[in-house]
Amino acid sequence: LITITIDKKSVAVEDGTTVAAAILNAGNTSFRRSVHGDARGPLCGMGTCFECRVTIDGEKHQRSCNAIARDGMEVVTGE
Amino acid sequence: MKTFDVAIVGAGIVGAACAAALTREGMNVVVIDANGIASGTTAAGMGHIVAMDDSDAQMALTKYSQDLWKLRADEMPGNCEFENCGTVWVAANDEEMIEVRRKHVYYSAHGIDSEILDENKLREAEPNLREGLPGGLLVSGDTVVYQLTATKFLIDKAVVNGAELLLGDHVVKITNDGVALENGESISASIVVNAAGANAAELTPQLKIRKRKGHLVITDRYDGFVSHQLVELGYLKSAHGKESDSVAFNVQPRSTGQILLGSSRQFDAETGEVDRDILCQMTSRAFEYMPRLRKLSAVRVWTGYRPATPDNLPYIGKIPGFENVYAAAGHEGLGITTSLATAEMIADEIMGRKSKISPEPYLPSRTFIEH
């Protein structure tokens, strides 16, 4: 297991887990907010729809479905 | 058949500004555009309202027009996103810092406030610029506007004052009696204003206008990444290059947090498609100045055509060979900035008034010295 933080909470996930799966497993389905403030989450799961974007290690708009969790990674959702 | 006082060909920002100014004078105006409001060069550009010192005439026109924009600021709806972000002209080396100081003196002489930024002040103003840039010039009065809604705002003003819009009709001929449409109909008008931008020369070949293709990229939303419009000092060199393709670093913060990234210039491009080579040159140039731009995601890339004249100044005034046909075209990359002043000068000429600035440098009857 490796440890990442999702919105400052530590979460242990299996090595090789996508960030999207880690967020969903932590019980969070609101990955980001649309321009009009609606909750958004993964749709295609393969990097095409851009709905699952989160901030990873300070870089905004990263597709969580295409990112693999790394030990110490800091993920911020809901932006 | 209905007769208008004025037929304006082109509903870009210049045509829209002319319509607003001429209806204000009580004229009965029709605006005709084959593709709709702000569908050509206007839609493709950046919406930077900038005082430019390319020449004394360009400074006079841009300054005058910038002042007119400021007078309109309170009237414009919020969706025009009129923001006073200022411009920073970024120097890449000591030679360009000499240019910064020259520019500072020149702007002061023309009543425009500017501040010389040293290396530290530049980094403070724009932390995402790379380290080691020697400084720049902050021109705090420059603004940005969302040119599509601003064009709509001007058209709406004209329509409130009685202007008619003919959208979807292609003008194929301009005469002293009005215009002829592709569908065989004609519109009778005492005065015609050719504001057809990059296509203006097709209707009145007296105007020497070449299409100068440009690329723009828009990123996703990164609030606060850039605070000012940033332009490299080498920009004028790029804008001035007469033939060869060129790129220059030019980024603009939008009120949405998105960043517009330019710029490229290409004469005689065969198609409007994105040209990967020049796009890469353009983004590489931007990454040299702002390495962290690499990390941002772009959501769209597009191209447009600037209407370029041989001396980088627009055509404003009566077209030789006609009795009552005027040009308001050829603004190259400054049409958003200079649209309002252009419209006032056209209105002044039609009404027989003296313009606030000398119209001479922009008259279509001027001759060009090739250089």
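Strands here are DSSP runs (E) of at least two residues, and helices are runs (H or I) of at least four, each numbered from the N terminus. Welcome to this predicted model; the views below visit its two chains one region at a time.

**View 1. Strand β15 of chain B holds a cis peptide bond.** B:Ser263 is part of strand β15 of chain B, which covers residues 259–267. The bond linking B:Gly262 to B:Ser263 is cis, with omega at about 0 degrees. For comparison, most peptide bonds are trans.

**View 2. Eight strands of chain B make an open sheet.** Reading across the sheet, the strands come in the order β5-β6-β4-β13-β14-β15-β12-β16, and their pairing is mixed. The edges belong to β5 (115–118) and β16 (298–308) of chain B; each has a single partner strand, so one side of each has no neighbour in the sheet. From one strand to the next, the twist averages 25 degrees. Look next at β12 (residues 210–219) of chain B, which runs antiparallel to β15(B) and is joined to β15(B) by four bridges. In this pair, B:Arg212 sits opposite B:Phe267 of β15(B).

**View 3. Helices α4 and α9 of chain B meet strands of chain B.** Helix α4 (residues 94–109) of chain B packs on the sheet, where α4 touches β4 (87–91), β5 and β6 (135–139) of chain B. The direction of α4 makes about 20 degrees with that of β6(B). Helix α9 (residues 276–289) of chain B lies across β4, β12, β13 (229–232), β14 (246–253), β15 and β16 of chain B. Relative to β14(B), helix α9 runs at about 60 degrees.

**View 4. Strands β17 and β18 of chain B form a hairpin.** Four bridges pair β17 (residues 315–318) with β18 (residues 325–329) of chain B, in the antiparallel sense. One facing couple to find is B:Gly317 and B:Ala327, the latter in β18(B). Six residues lie between the two strands of this hairpin, and B:Gly321 has a positive phi near 95 degrees.

**View 5. Chain A has an open sheet of five strands.** The strand order in chain A is β2-β1-β7-β5-β6, again with mixed pairing. Which strands stand at the edges? They are β2 (9–13) and β6 (59–63) of chain A, and each has a single partner strand, so one side of each is left without a neighbour in the sheet. On average, neighbouring strands are turned by 40 degrees against each other, direction ignored. Strand β5 (residues 53–56) of chain A runs antiparallel to β6(A), joined by three bridges. Here A:Arg53 stands opposite A:Arg63 of β6(A).

**View 6. Two loops of chain A are tied by a salt bridge.** A:Arg70 and A:Asp57 meet through their side chains, 3.2 Å from N to O. A:Arg70 is in the loop between β6 and β7 (74–76) of chain A and A:Asp57 in the loop between β5 and β6 of chain A, so this pair ties together parts that are 13 residues apart in sequence. Another loop of chain A, between β4 (39–40) and β5, holds A:Phe50. A:Phe50 is not a glycine, yet its phi is positive, near 65 degrees. In general, most residues other than glycine have a negative phi.

**View 7. Chain B and chain A meet at an interface.** Seven residues of chain B and six residues of chain A take part in the contact. The two chains bury about 590 Å² between them, with 40% of it on carbon and sulfur atoms. How many salt bridges cross the interface of chain B and chain A? There are two. A:Arg53, met in View 5 opposite A:Arg63, forms a salt bridge with B:Asp220, and their closest N and O atoms are 2.3 Å apart. Three residue pairs are in polar contact between the chains, counting pairs with both residues at pLDDT 80 or more. On the side of chain B that touches chain A, five residues are charged, one is polar and one is nonpolar.

Note on methods: Residues numbered from 1 in each chain as written. Chains lettered and ligands numbered in written order. Predicted model: local features only at pLDDT ≥ 70, side-chain atom pairs only at ≥ 80, totals over all residues. Heavy atoms only, no water. Contact = heavy atoms within 4.5 Å. Buried area = accessible area lost by both parts, 1.4 Å probe. Salt bridge = Lys/Arg side-chain N within 4 Å of Asp/Glu carboxyl O. Polar contact = N/O pair within 3.5 Å; in protein donor to acceptor, adjacent residues only side chain to side chain. Nonpolar A, V, L, I, M, F, W, Y, C, P; charged D, E, K, R; others polar. Pairing = 2+ DSSP bridges. Axes fitted to C-alpha atoms, helices over the stretch in contact; angles between N-to-C directions.
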